[in-house]
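Student: I have a protein model open in front of me, and I would like to learn how to read it. Could we go through it together?

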Amino acid sequence: MPATTQITDKIISDAIVASLRNVFWTMLQQMPSLEAPASAAIQGEDDGKFEVIGSVGFAGEVSGTVYLCLTEEFARLSTAHVLGMTPAEVAFSGSDLVKDAIGEVTNMTAGGFKNELCDLGLPCKLGLPTILRGHSLAVASSKSITRHLFWFQCSGHRLAANILIRND
């Protein structure tokens, strides 16, 4: 990493918590709370449920990807709130609506995370959001990647923020 600022676990934690809280409060009028530190794998009470994972990459002085992992139910409820619709209207409108809304929430969260890094002298730029949907999805990393996993509670729902940072 060519930057003079050393990216620490605390920097990553503070940046994702601040960004996620800001986006969820602004877009959903909900304040997620950080759970105790998590294990390296996404597992627990949400295993086997349909999931929605939004991802946005960033590259520059520091490079990686921000992943937001939500249950299908929480993704639909969040979409309804963001768009001022009922969950039934969201369900009737189809999966593209959820994809677009969660893509934007993920993009805004990754943007806030990136801005925190930029403020510390670690400039980087964002890529485009991508949405994955399926059953029992998980985010994995390789040896050249450091993974940081954060679990949050929000309005009775659990979501995960995974931050993968390349070790250059």
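Tutor: Happily! Two strands pair if DSSP finds at least two bridges between them, and helices (H or I, at least four residues) and strands (E, at least two) are DSSP runs, numbered from the N terminus. This is a predicted model, where local features need pLDDT of at least 70, side-chain atom pairs count only at pLDDT 80 or more, and totals for chains, interfaces and linings use all residues. Residues are numbered from 1 along each chain as its sequence is written, and side-chain values use heavy atoms, with hydrogens and water left out.

Student: How many helices and strands are there in the protein?

Tutor: From the N terminus on, the elements run α-β-β-β-α-α-α-β-β-β-β. Counting each kind gives four helices and seven strands.

Student: Which strand pairs with E7 over ten bridges?

Tutor: E7 has more than one partner to consider. Strand E3 (residues 64-71) pairs with E7 in the antiparallel sense over six bridges, and Tyr 67 stands opposite Asn 162 of E7 there. Ten bridges, also antiparallel, link E7 to another strand, in which Ile 145 has Arg 166 as its bridge partner. That strand is E6 (residues 145-154).

Student: Which residue in the turn between E6 and E7 has a positive phi?

Tutor: These two strands form a hairpin, with two residues between them. The turn residue with a positive phi, about 50°, is Ser 155.

Student: Is strand E7 largely enclosed or largely open?

Tutor: Let us use burial: buried means under 20% relative accessible area, exposed over 50%, and partly exposed in between (1.4 Å probe, protein chains only). In E7 (residues 157-166), nine of the ten residues are buried, so the strand is largely enclosed by the rest of the structure.

Student: Is His 148 buried or exposed?

Tutor: His 148 lies in strand E6. Its contacts (heavy atoms within 4.5 Å), leaving aside neighbours within four places in sequence, are Asp 9, Ile 12, Ala 161, Asn 162, Ile 163 and Ile 165. With a relative accessible area of 10%, His 148 is buried.

Student: What distance separates the end C-alpha atoms of helix H4?

Tutor: The expected span of a helix is 1.5 Å times one less than its number of residues. For the 25 residues of H4 (residues 95-119), that should be 36 Å. The model agrees, with its end C-alpha atoms separated by 36 Å.

Student: Which residue just after H4 takes a positive phi?

Tutor: We look just past the helix for a phi of about 85°. The residue is Gly 121.

Student: Which element gives the largest share of the largest nonpolar core?

Tutor: A nonpolar core is a set of buried Ala, Val, Leu, Ile, Met, Phe, Trp, Tyr and Cys residues joined through side-chain atoms within 4.5 Å. The largest one has 37 residues, and those with the most contacts inside it are Phe 24, Phe 113 and Leu 117. Elements giving two or more residues to this core include helix H1 (9-28), strand E2 (50-60) and H4. The largest share, nine residues, comes from H1.

Student: How many residues are in the second, separate core?

Tutor: This core includes Cys 69, Val 139, Ile 145 and Ala 160. Its total is nine residues.

Student: What percentage of the residues of the protein count as buried?

Tutor: Here we take the 168 residues of the protein together. Those that count as buried make up 44%.
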